[in-house]
Amino acid sequence: MRSRGSSLIGAAVLSAALGAMPAHAQTSAPPGAQAPTPQDLNKIQQQIQAGQEQQAQLKAKADALDKEIADLQASAVKAAGQVQDTESQVTQLEDTLAALSDEEKEKTAALERERGKLTRAVLAMQRLSTQPPEALLFSTQAPIDAARTQRLLSLITPALDARARALQSDLNELTEMRQEMAQRRDQLAAAVSKLAGENSKLSSLINRKAAVQRSTLAESAAAQSKLDKLAGQAKNLQ
């Protein structure tokens with residue numbers, strides 16, 4: 001009787017244990033779910049490595065673009081400074097040309113006056129030289145005064161001629177200087193136009209590089225977000 005009772009008790013315990021096993025299995029793994037495998041974790045780790053490499057390349061590209069943009073901006077600033085300096089030189093040359101033009105007009109007017117004086121003096125000397133001596137007897141001017149006039153004219157004429165020649169020489173120098181400065185001004189104006197064109201190209205290039213940099217940074221941010229998600233998945237699998 002004692003042996004039979006013990007057997008009944010053992011059977012009841014075994015039955016209870018077997019009945020509890022399915023309930024425990026349902027709480028640890030839902031029906032139809034697959035347990036993660038080492039292959040899944042390895043695949044995610046490979047994706048993370050590839051993403052890190054891509055992220056490094058994007059960062060290097062963004063850094064290179066940043067340096068290129070900085071160099072281009074420095075070149076643009078330098079070009080703008082050159083444009084301003086050249087424009088200042090053009091303005092100074094234009095002011096100088098205006099002053100030379102005024103001086104040239106004054107020299108021309110003075111030269112015309114001196115030439116007029118010289119012409120009148122030469123004509124007066126010619127009249128005196130061609131006048132016969134007996135004509136002095138019927139002249140209202142005393143012979144001594146006529147002689148003095150001729151003597152004075154003979155002294156004044158070379159002086160007038162020298163002044164006219166000096167004025168002509170000054171005028172020639174002014175004209176030559178004005179022409180050289182006008183040529184220099186035209187060259188500087190062409191240089192300003194060329195520098196302005198180069199500066200415009202630099203600005204356009206900077207804008208294009210900046211657009212590429214923004215796109216690269218956006219791509220880098222997206223890649224970093226993907227890396228963060230992969231890292232979270234790998235952590236869950238581990």
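Is E68 buried, partly exposed or exposed? With a relative accessible area of 33%, E68 is partly exposed, and the legends below return to this residue after a look at the whole chain. Please keep in mind throughout that this is a predicted model.

**Figure 1. Overview of a chain built from 3 helices and 0 strands.** Reading along the sequence, you will meet the pattern α-α-α. Of the 238 residues in the chain, 20% are buried. The chain exposes about 17200 Å², and 56% of that area comes from carbon and sulfur atoms. Contacts between residues at least 6 positions apart are dominated by long separations: 97% of them join residues 24 or more positions apart.

**Figure 2. Confidence along the chain, with helix α1 and helix α2 at the two ends of the scale.** The average pLDDT of the chain is 75, and 71% of the residues score at least 70. Among the elements, helix α1 (residues 2-28) has the lowest mean pLDDT, 38, while α2 has the highest, 85. Over residues 1-33 the pLDDT stays under 50, and the model has 0 contacts beyond four places in sequence for this stretch. Another stretch to view with care is residues 134-139, where the pLDDT is again below 50. Beyond near neighbours in sequence, residues 134-139 have 3 contacts in the model.

**Figure 3. The largest nonpolar core, made up of 7 residues.** Zoom in on I69, L72, A76, A79, L202, I206 and A210 to see the whole set. Helices α2 (38-130) and α3 (143-237) each supply at least two residues of this core. The biggest share comes from α2, which gives 4 residues. In soluble globular proteins, nonpolar side chains tend to be buried together. For a closer look at one member, try I69: leaving aside residues up to four places away in sequence, I69 touches I206, K209, A210 and Q213. Two of these partners, I206 and A210, belong to the core as well.

**Figure 4. N199, a buried residue beside three alanines.** N199 lies in helix α3. Its relative accessible area is 17%, so N199 counts as buried, the cut-off being under 20%. Setting aside neighbours within four places in sequence, N199 is in contact with A76, A79 and A80. Of these alanines, A76 and A79 are also members of the largest nonpolar core.

**Figure 5. The salt bridge between K209 and E68, linking distant parts of the chain.** The closest N and O atoms of this pair are 2.7 Å apart. K209 sits in helix α3 and E68 in helix α2, with their positions 141 residues apart in sequence. How accessible is K209? At 24% relative accessibility, K209 counts as partly exposed. E68 is partly exposed too, at 33%. K209 also appeared in Figure 3, as one of the residues that I69 touches.

**Figure 6. K61 and its contacts V212 and T216.** K61 is found in helix α2. Its relative accessibility is 43%, so K61 counts as partly exposed. Once residues up to four places away in sequence are left out, K61 touches V212 and T216. How far apart are K61 and T216 in sequence and in space? They are 155 residues apart along the chain, yet their C-alpha atoms are 7.5 Å apart.

**Figure 7. Salt bridges within helix α2: K59 with D63, and E112 with R115.** A search of the whole structure finds 10 salt bridges, and this view shows two of them. In the bridge between K59 and D63, the closest N and O atoms are 3.0 Å apart. Because K59 and D63 are 4 residues apart in helix α2, about one helical turn separates them. K59 is exposed, with a relative accessible area of 52%, whereas D63 is partly exposed at 42%. In the bridge between E112 and R115, the corresponding distance is 3.7 Å. E112 and R115 are 3 residues apart in helix α2, so they too are separated by about one helical turn. E112 is partly exposed, with a relative accessible area of 46%, and R115 is partly exposed at 36%. Elsewhere, E114, K117 and R163 are joined into one network by salt bridges that share partners.

Key:
Residues numbered from 1 in each chain as written. Predicted model: local features only at pLDDT ≥ 70, side-chain atom pairs only at ≥ 80, totals over all residues. Heavy atoms only, no water. Core = buried A, V, L, I, M, F, W, Y, C linked by side-chain atoms within 4.5 Å. Buried < 20%, exposed > 50% of the residue type's maximum accessible area, 1.4 Å probe, protein only. Contact = heavy atoms within 4.5 Å. Areas by Shrake-Rupley, 256 points an atom, 1.4 Å probe, with all protein chains shown as cover. Salt bridge = Lys/Arg side-chain N within 4 Å of Asp/Glu carboxyl O. pLDDT = per-residue confidence, 0-100.
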